[in-house]
Amino acid sequence: MEKQEKLLFTPFALKGKTVKNRMMVPPMVRFWRDLRDGHAEDADIAHYSAFAKGGFGLIVVEATCIKPGGELNACELGAYDDAYIEDLSRIAAAIKAEGAVAILQLHHAGLIAIGEDNVSASDALLESRGLNVKPSRAHGASEEEIETLIAAFAAAAHRAEQAGFDGVELHGCHSYLISQFLSRNLNRREDRYGKPEQFALDVIARVKETVSDAFIVGIRLGAFEPTLQEGLRHAKAMEAAGIDYISVSYGFSILHAPEKPEGYPFIDVIYGAEEIKKAVSVPVFAVRSIVSAEQAEAILEKTKVDGVLIGRGALVNPNWPKDAFAGADTGRCMQCPVCYFRRHRENCPGRDAYEKNRR
C-alpha cells in the first residue's frame with residue numbers, strides 16, 4: 001500500500017509515550033515453551049525481539065500469571081515472585097531496544113485455571129471449553145481471597161515496572177477471572193462485588209497506587225460482556241477509574257451475545273471496538289481477522305480506533321509492519337482451526353507460504 005498520509009504509519013501518544021505507529025502485537029501465549037515453572041527462556045527473548053525488529057509500535061507480552069494456581073496452561077509465564085523479574089527484564093529490554101512500547105499482560109484464569117482449587121466470582125461449573133479435556137469448577141471467592149487477588153495484581157504490576165516494562169495490561173476478557181466478575185451470567189454475588197465492574201475497579205485502583213504515575217495501566221475488555229450495552233458501561237467505568245487504554249476483544253465467550261449491523265464490513269468485535277471508541281476518550285485498540293495492511297488502514301479510518309492488533313499475521317511474519325510500509329507482501333494466516341505456529345512453530349502453513357513467496 002502507498003504509505004503517504006496513511007494512518008497505519010502515524011505515531012500517537014499513550015500516557016507520555018510515543019507509539020511510533022498504529023500496528024501492535026496482541027498478547028499470545030507461547031504454548032511450545034519448554035519451561036513449565038513460570039520462567040522465560042532464550043527463545044522468548046528472540047520471539048519478542050523479532051516483533052520489535054519487525055517494526056511494531058507496541059507489543060503486549062503474553063498472559064503472565066499473578067498468582068500460583070491461576071495459570072491457563074503449565075507453560076504460562078509468571079510474575080508472582082521477584083525471581084521472575086530478571087527474565088521479564090530481558091523481554092522488556094529486547095522490545096524497547098527497537099523503539100517499541102513494552103506492555104506486560106497480567107492474568108489469572110479463575111474458573112478455567114489449571115489448578116485444583118479454583119476461584120471465580122461465584123460458584124461455577126463449566127462442562128467444557130474449547131480444547132479443555134476436563135470440566136472446570138470453581139468456588140465463589142471470599143472477600144479475603146478477593147483481597148489477596150487484588151494485592152497479587154498490584155505486586156505483579158510493581159514487578160513489571162521493576163523489570164523495565166512501560167506498562168501493564170489487565171486481562172479482563174477471554175473468559176478469565178476479571179471477565180468472570182464482569183459477566184452477569186457468572187457473577188451472582190450479593191455483596192459489593194456483585195456489581196460487575198467492582199473487582200476490576202479495585203484492581204485498577206490498587207495497581208495505580210503501587211506503580212509510578214508515568215507507568216501505563218491498560219485493560220483488555222470484552223465488547224460483549226454479555227451484551228454490547230454492558231460492554232460500553234464497563235468501558236466507561238474503566239475510563240472513569242483512570243485506565244490509560246482499552247484493548248477490545250471477546251468476553252466470557254460461551255455466554256455472550258455479539259452483534260453488528262447488517263452489511264458491516266468487519267467482524268463483530270471490531271464493531272464493538274468502534275462503539276467503545278465512541279463512548280470513551282482514552283485510546284482504544286481493535287483486534288481479530290486483520291489480514292492485510294489495506295484492511296488495517298480501512299479499520300482505522302472507519303472506526304477511529306487508535307491501533308490495530310496484528311496477531312496471527314505477526315506470527316506468520318514478524319516483519320509485518322516493515323513489509324506494510326514498503327508496500328510488500330505481509331503474508332497471510334491460513335486460519336487453521338488450531339494455530340500450528342503457537343503450538344508447533346515449524347509446522348505453520350502461513351509461515352511456510354510466506355517464506356516460499358519471498359524467495
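How far apart are the mean positions of the 43 positive and 50 negative charges of the chain? In this predicted model, the two mean positions are 5 Å apart.

## The chain as a whole

Let us start with the overall picture. The secondary structure comes to 12 helices and 14 strands. Along its principal axes, the C-alpha trace spans about 60 × 45 × 40 Å. A compact globule of 359 residues would have a radius of gyration near 21 Å, and the chain, with 19 Å, agrees with that.

Of the 359 residues, 58% count as buried. The chain exposes about 14,400 Å², with carbon and sulfur atoms supplying 48% of that area. If you look at contacts with a separation of 6 or more, residues 24 or more positions apart account for 70% of them.

## Backbone points worth a look

Three residues in loops deserve a visit if you are stepping through the backbone. Where is the cis peptide bond that runs from Glu225 to a proline? It leads into Pro226, with omega near 0 degrees. Pro226 belongs to the loop between β11 (216–222) and α6 (228–240).

The other two are residues other than glycine with a positive phi. Lys15 has phi near 45 degrees and sits in the loop between β1 (12–14) and β2 (17–19). His174 has a phi of about 55 degrees, and its place is the loop between β10 (167–172) and α4 (177–182). Buried or partly exposed: which describes Lys15? Lys15 is partly exposed because its relative accessible area is 30%, above the 20% under which a residue counts as buried. His174 is also partly exposed, with a relative accessible area of 23%.

## Four buried residues

The table lists four residues that count as buried, with their places in the chain.

| Residue | Place | Relative accessible area |
|---|---|---|
| Pro26 | loop between β3 (23–25) and α1 (42–53) | 5% |
| His107 | strand β6 (residues 101–107) | 0% |
| Val119 | strand β7 (residues 118–120) | 9% |
| Tyr250 | loop between β12 (245–249) and α7 (268–279) | 12% |

Why does Tyr250 count as buried? Its relative accessibility is 12%, and the cut-off for buried is under 20%, so Tyr250 falls on the buried side.

Now for their surroundings, leaving aside neighbours up to four places away in sequence. Pro26 touches Val60, Arg220, Leu309, Ile310 and Gly311. One of these partners, Leu309, is 283 residues from Pro26 along the chain, yet their C-alpha atoms are separated by 5.5 Å.

His107 has contacts with Ala63, Thr64, Cys65, Ile66, Gly70, Leu72, Glu76, Phe153, His171 and Tyr176. With a relative accessible area of 0%, His107 is buried.

Tyr250 brings us back to a residue from the backbone section: among its contacts are His174 and Cys173. The rest of its contacts are Gly222, Phe224, His256, Ile267, Asp268, Val269 and Arg288. From Tyr250 to Val287, the C-alpha to C-alpha distance is 9.7 Å, across 37 residues in sequence.

Val119 is in contact with His108, Gly110, Leu111, Ala138, His139, Ala141, Glu145, Leu149, Leu177 and Gln180. For a sense of scale, the C-alpha atoms of Val119 and Asp329 are 46 Å apart, and the two residues are separated by 210 positions in sequence.

## The last helix in this tour

Which residues of helix α12 (residues 349–358) are buried, among them Gly350? Arg351 and Tyr354 join Gly350 in being buried. These residues cover an arc of only 100 degrees around the axis, which puts them on the same side of α12. There is a general reason behind such patterns: an α-helix has 3.6 residues a turn, so residues three or four places apart point the same way.

Notes
Residues are numbered from 1 along each chain as its sequence is written. This is a predicted model: local features need pLDDT of at least 70, side-chain atom pairs count only at pLDDT 80 or more; totals for chains, interfaces and linings use all residues. Side-chain values use heavy atoms; hydrogens and water are left out. Helices (H or I, at least four residues) and strands (E, at least two) are DSSP runs, numbered from the N terminus. The radius of gyration is taken over C-alpha atoms; the globule rule is 2.2 Å times the number of residues to the power 0.38. Buried means under 20% relative accessible area, exposed over 50%, partly exposed in between (1.4 Å probe, protein chains only). Contact means heavy atoms within 4.5 Å. Accessible areas come from the Shrake-Rupley method with a 1.4 Å probe; for residues, only the protein chains shown count as cover. Lys and Arg count as positive and Asp and Glu as negative; His and the chain ends are not counted. The place of a charge is taken as NZ of Lys, CZ of Arg, CG of Asp or CD of Glu. The arc is that of the directions from the helix axis to the C-beta atoms.
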